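Please open the model in a viewer and keep the sequence panel visible. The tour below proceeds by selection, with a short account of what each selection contains.

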Amino acid sequence: MDDIVTLSVGGGGRGFQKFLNSLILKELGNPILNNLGDSSYMTIDGEIAFTTDSFVVEPEFFPDGDIGKLSVCGTCNDLAVSGAVPLYLSLSFIISEGYKMEDLEKIVSSIKQTSEEIGVKIVCGDTKVIPRMGKPQIFINSAGIGKVIRSLNDYKNIKVGDRVIITSDIGRHGISMMLVREGIDAVIESDCCLLYEVIKNLDYKYIHFARDATRGGVAAVLNEIVSMGEFGFEIEESTIPIEDRVKYYCEFFGYDPLHIANEGVAVIILDKDYADDALSLIRETKYGKKAAIVGEVVEKKRVILNTSIGGKRYVEMPLGEILPRIC
């Protein structure tokens with residue numbers, strides 16, 4: 001293949017066929033995708049969950065991740081916290097002319113590795129190449145289908161007294177992206193990971209709600225939930241898992257860690273009598289070792305943080321985009 005992506009890659013002719021066969025099918029091929037029809041055919045028994053997401057992260061490579069890994073994790077995580085087993089993904093590229101083919105190959109390899117880790121199949125997709133305008137870029141759109149075990153997105157299931165678990169330390173992805181963009185000589189790895197691996201061993205009948213804390217962080221998730229019900233949350237600051245380095249940069253730049261985006265953190269609301277058992281199971285997983293019970297559902301319709309110095313404050317919904325293009 002050429003050293004860079006050219007308009008012919010998206011043109012449907014020989015350039016596209018070469019790209020398709022030598023990269024996409026070579027790395028991601030499977031019996032469903034290899035048929036190359038206008039649609040793919042799958043048979044799933046029972047209820048399905050269906051989601052879609054787009055990825056415009058800048059830069060596209062970051063510590064312990066890239067836009068390829070992010071596209072698989074992000075889409076599969078939406079299915080996982082909805083109570084579904086991720087099964088199938090679509091994958092579409094929008095690429096600027098002039099993008100390095102070497103970088104595209106790395107991204108496709110990352111997609112392969114991440115999809116194989118969870119066992120999800122890429123079953124359809126598309127590629128469009130647009131004329132170069134400034135720095136060559138790549139965007140990815142993905143849609144996902146999963147088989148529902150039990151819906152975890154029903155606000156009516158949440159009860160006063162339920163416990164709140166955060167499945168890992170917060171803020172790493174957003175701060176990792178900020179350090180790379182600003183050229184700060186420090187490396188913090190993104191938390192980008194597959195959340196299904198974290199929650200699949202839990203007893204879903206005791207989980208009342210789940211959501212991944214991406215843009216807007218934990219604060220956005222909790223406030224969104226409060227807006228949909230007649231209850232609130234009381235969170236203990238001292239129990240919130242956060243790396244010292246992430247905390248340092250949040251304090252230095254004036255960020256609230258609860259507002260910072262994550263790509264591998266779920267907020268799980270569950271029965272108080274199951275919380276300790278669930279926490280133990282989550283901590284046994286590769287990506288859940290820092291999980292913690294951080295609070296509970298209360299009657300007052302606000303998100304209240306009990307601070308580590310003995311005070312209280314309201315946790316508000318973030319205003320605007322704190323760190324744009326982090327996913």
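Begin with Arg-325, which is partly exposed, its relative accessible area being 31%. This residue belongs to the segment that follows strand E13 (312-314). The backbone deserves attention here: phi of Arg-325 is positive, about 55°, although the residue is not a glycine. Most residues other than glycine have a negative phi. The model is a predicted one, and this torsion angle is a property of that model.

Select Leu-36 next. Its phi is likewise positive, near 55°, in a residue other than glycine. Leu-36 occupies the loop between helix H1 (14-28) and E1, and it counts as partly exposed at 44% relative accessibility.

A further backbone feature is found at Glu-58 and Pro-59, which are joined by a cis peptide bond with omega of about 0°. Most peptide bonds are trans. Pro-59 is placed in the loop between E1 and strand E2 (61-62).

**The whole chain**

Now display the complete chain as a cartoon. It contains eight helices and 13 strands. The radius of gyration is 21 Å, close to the 20 Å that the globule rule gives for 327 residues, so the chain is as compact as a globular protein of that length. Along the principal axes, the C-alpha trace spans about 65 × 50 × 30 Å. Switch to a surface representation: the accessible surface comes to about 15,100 Å², and carbon and sulfur atoms contribute 49% of it. Of the 327 residues, 53% count as buried. In a contact map, among contacts with a separation of 6 or more, 85% are between residues 24 or more positions apart.

**The four-stranded sheet**

Select E1, E4, E5 and E6. These strands form an open sheet in the order E1-E6-E4-E5, with mixed pairing. Strand E1 (48-55) and strand E5 (121-130) are at the edges with a single partner strand each, so one side of each has no neighbour in the sheet. From one strand to the next, the twist averages 15°.

Restrict the view to strand E4 (residues 84-96) and strand E6 (residues 138-148), which pair in the antiparallel sense over eleven bridges. To inspect one of these positions, pick Ile-94, whose bridge partner in E6 is Phe-139. Then add helix H3 (residues 101-118), which packs on the sheet and touches E4, E5 and E6. The direction of H3 makes about 175° with that of E4.

**Two crossing helices**

Two packed helices are described by the angle between their axes and the distance between the axes. Select helix H4 (residues 172-182) and helix H7 (residues 244-253): their axes come within 10 Å and cross at roughly 65°. The crossing of H4 past H7 is left-handed. Show side chains at the contact, to which H4 contributes Arg-172, Ile-175, Met-178 and Leu-179, while H7 contributes Val-246, Tyr-249, Cys-250 and Phe-253.

**An enclosed strand and a covered helix**

Move to E8. All six of its six residues are buried, so the strand is largely enclosed by the rest of the structure. E8 pairs with E10 in the antiparallel sense over five bridges. Selecting Arg-211 shows the residue opposite Val-267 in E10.

Add helix H6 (residues 217-227) to this view. How many of its eleven residues are buried? Nine of them are, and the helix is mostly covered. The buried residues include Val-218, Val-221, Leu-222, Ile-225 and Val-226, and Asn-223 is also among them. The buried residues of H6 pack against strand E7 (163-166), strand E8 (207-212), strand E9 (232-236), strand E10 (266-270) and strand E12 (303-306).

**A buried valine**

Finish at Val-198, located in helix H5 (residues 196-199). Is this residue buried or exposed? Val-198 is buried, because its relative accessible area of 1% falls under the 20% cut-off. Which residues does Val-198 touch, not counting those up to four places away in sequence? They are Thr-167, Ile-282, Thr-285, Tyr-287 and Gly-288. As a last selection, take the C-alpha atoms of Val-198 and Glu-284: these residues are 86 apart in sequence and 8.6 Å apart in space.

Conventions: Residues are numbered from 1 along each chain as its sequence is written. This is a predicted model: local features need pLDDT of at least 70, side-chain atom pairs count only at pLDDT 80 or more; totals for chains, interfaces and linings use all residues. Side-chain values use heavy atoms; hydrogens and water are left out. Two strands pair if DSSP finds at least two bridges between them. Helices (H or I, at least four residues) and strands (E, at least two) are DSSP runs, numbered from the N terminus. Axes are lines fitted to C-alpha atoms, for helices over the stretch in contact, and angles run from 0 to 180 degrees between N-to-C directions. Contact means heavy atoms within 4.5 Å. Buried means under 20% relative accessible area, exposed over 50%, partly exposed in between (1.4 Å probe, protein chains only). The radius of gyration is taken over C-alpha atoms; the globule rule is 2.2 Å times the number of residues to the power 0.38. Accessible areas come from the Shrake-Rupley method with a 1.4 Å probe; for residues, only the protein chains shown count as cover. A crossing is left-handed if the near helix is turned anticlockwise from the far one by less than a right angle, and right-handed if clockwise.
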